[in-house]
Amino acid sequence: MEGSAGRRHRAEQRVKRRSPRPNRSEAEAREARRVMEGSAGRRHRAEQRAKKRSPRPNRSEAEGIIIMRDLLILASASPRRSDLLRQAGYSFTVLPAQGEEIKTSTVPTELVLALSMQKACEVRDRILAGELSAGGSAARDGALIRGEDTAAGSAAPDGFLILGADTVVAADGQILGKPRDEEEAFAMLSMLQGQTHQVYTGVSLLRIPAKAMRNGFSEADAATRSFVACTDVTFDSMTEAEIRAYIATGEPMDKAGAYGIQGAMAAYVREIRGEYSNVVGLPLCALRRTLREIGF
């Protein structure tokens, strides 16, 4: 044992002591498998399948914010607002407000806030009355709001977020809405040419949780956030002929202040201070920041 055979024996013993022992015996492993095949195992597998099917909440990794899976509803028929939302990457459903605007103020900031909230509230009431389930994609969205399965793998949202917006142009203490006719459009553009004016957009976000759809809605269920964005726009000088030519394009007739900055009028915009998208009809930067703050 003191010779080479002894040294080899002691080396083998040291290796055995250093080798990690198995975690459990074969008998223990068989017992664990038997348990897994029993009721406990079936329950465990069912729980694992449920976890895989359950949609994980979106999370901002940088901020650790749980993101709501709300259905975004744009309460506006404006194609420009829809284009801006799509451009920013938002998925949404359009359900335009249809009621007559009730103007309660001549102060631009107050007016756009009031009108944007009017639009959001009108659409909320129509949704609660079941109008969203009229047909097409709206029917699918309505079913999702009520927590109904519409397709394999679809998941009901946590609620819905209504976006109401209103834009006005203000110059020389006057609020300029959409022109009633070409002569009014001419008067507005004559006032704006060569001057700096302001564009105000009020945005109201009205969130209703899905449980309010199923269990009955009360005002306490609603969460609201509103804000106003303002952009200064300076026009270059325009001749009467240039104004008439622009009006002849038809572009001014459905726009506040009788112009669209994204169209032919862009050639006369000398300077902008503030958000460009606000002048188009929806301040995307302010909207994105607000949606992030509320966890959307």
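This briefing covers the overall make-up, nonpolar cores, largest pocket and selected residues of a predicted model. The protein has 296 residues, of which 38% count as buried. Its secondary structure consists of 11 helices and 9 strands. Two separate nonpolar cores are described below, one of 41 residues and one of 11.

**Overall make-up**

- Among contacts with a sequence separation of 6 or more, 70% are between residues 24 or more positions apart.
- The exposed surface comes to about 17000 Å², and 48% of that is supplied by carbon and sulfur atoms.

**Nonpolar cores**

- The largest nonpolar core contains 41 residues, and L163, Y259, L282 and L287 have the most contacts inside it.
- L163 touches L282 and L287, and its other contacts beyond four places in sequence include L72, I73, L74, A75 and L85.
- Further along the chain, L163 also touches V203, S204 and L205.
- The second core is separate and has 11 residues, among them A75, L95, V123 and F160.
- A75 is thus a member of the second core and also a residue that L163 touches.

**Largest pocket**

- The volume of the largest pocket is about 730 Å³.
- Its lining is made up of 37 residues, and those closest to the pocket centre are R81, E101, K119, D166 and K178.
- Elements that each supply at least two lining residues are helices α4 (79-87), α5 (108-128) and α10, together with strand β5 (159-171).

**Helix α4 and R80**

- The buried residues of α4 are R80, R81, S82, L84 and L85.
- One of these, R81, is also among the residues closest to the centre of the largest pocket.
- Another, L85, is touched by L163.
- R80 lies in α4 and counts as buried because its relative accessibility is 16%, with the cut-off for buried set at under 20%.
- Leaving out residues up to four places away in sequence, R80 touches D254, K255, Q262 and V280.
- The C-alpha atoms of R80 and G260 are 9.9 Å apart, although 180 residues separate the two in sequence.
- After α4 comes G89, which has a positive phi near 90°.

**N278 in helix α10**

- N278 sits in α10, which spans residues 276-280.
- With a relative accessibility of 0%, N278 counts as buried.
- Its side chain makes a polar contact of 2.7 Å with the side chain of T201.
- A polar contact of 3.0 Å links the side chain of N278 with that of T231.
- T201 and T231 are two of the residues that N278 touches beyond four places in sequence; the others are T167, V199, Y200, A229, C230 and P283.

**R124 in helix α5**

- R124 belongs to helix α5.
- R124 counts as buried, at 7% relative accessibility.
- The side chains of R124 and D125 are joined by a polar contact of 3.0 Å.

**I208 in strand β7**

- I208 is part of strand β7, which covers residues 196-209.
- The relative accessibility of I208 is 0%, so I208 counts as buried.
- I208 and F160 are 48 residues apart along the chain, while their C-alpha atoms are separated by 5.5 Å.
- F160 is one of the residues of the second nonpolar core.

**Positive phi in residues other than glycine**

- Most residues other than glycine have a negative phi.
- D172, which is not a glycine, has a positive phi of about 55°.
- D172 is in the loop between β5 and β6 (174-176).
- Its relative accessibility of 67% is over the 50% limit, so D172 counts as exposed.
- A258 likewise has a positive phi, near 65°, and is a residue other than glycine.
- The loop that holds A258 runs between α9 (240-248) and β9 (269-273).
- A258 has 0% relative accessibility and therefore counts as buried.
- Of these two loop residues, D172 is exposed, whereas A258 is buried.

Terms used: Residues numbered from 1 in each chain as written. Predicted model: local features only at pLDDT ≥ 70, side-chain atom pairs only at ≥ 80, totals over all residues. Heavy atoms only, no water. Core = buried A, V, L, I, M, F, W, Y, C linked by side-chain atoms within 4.5 Å. Buried < 20%, exposed > 50% of the residue type's maximum accessible area, 1.4 Å probe, protein only. Contact = heavy atoms within 4.5 Å. Helix = DSSP H or I, 4+ residues; strand = E, 2+ residues; numbered from the N terminus. Areas by Shrake-Rupley, 256 points an atom, 1.4 Å probe, with all protein chains shown as cover. Polar contact = N/O pair within 3.5 Å; in protein donor to acceptor, adjacent residues only side chain to side chain. 1 Å grid on protein atoms, 1.4 Å probe; cavity = no way out; pocket = protein on both sides within 12 Å on 5 of 7 lines; lining within 4 Å. Points joined across faces, edges and corners; volume = space filled by probe spheres on them.
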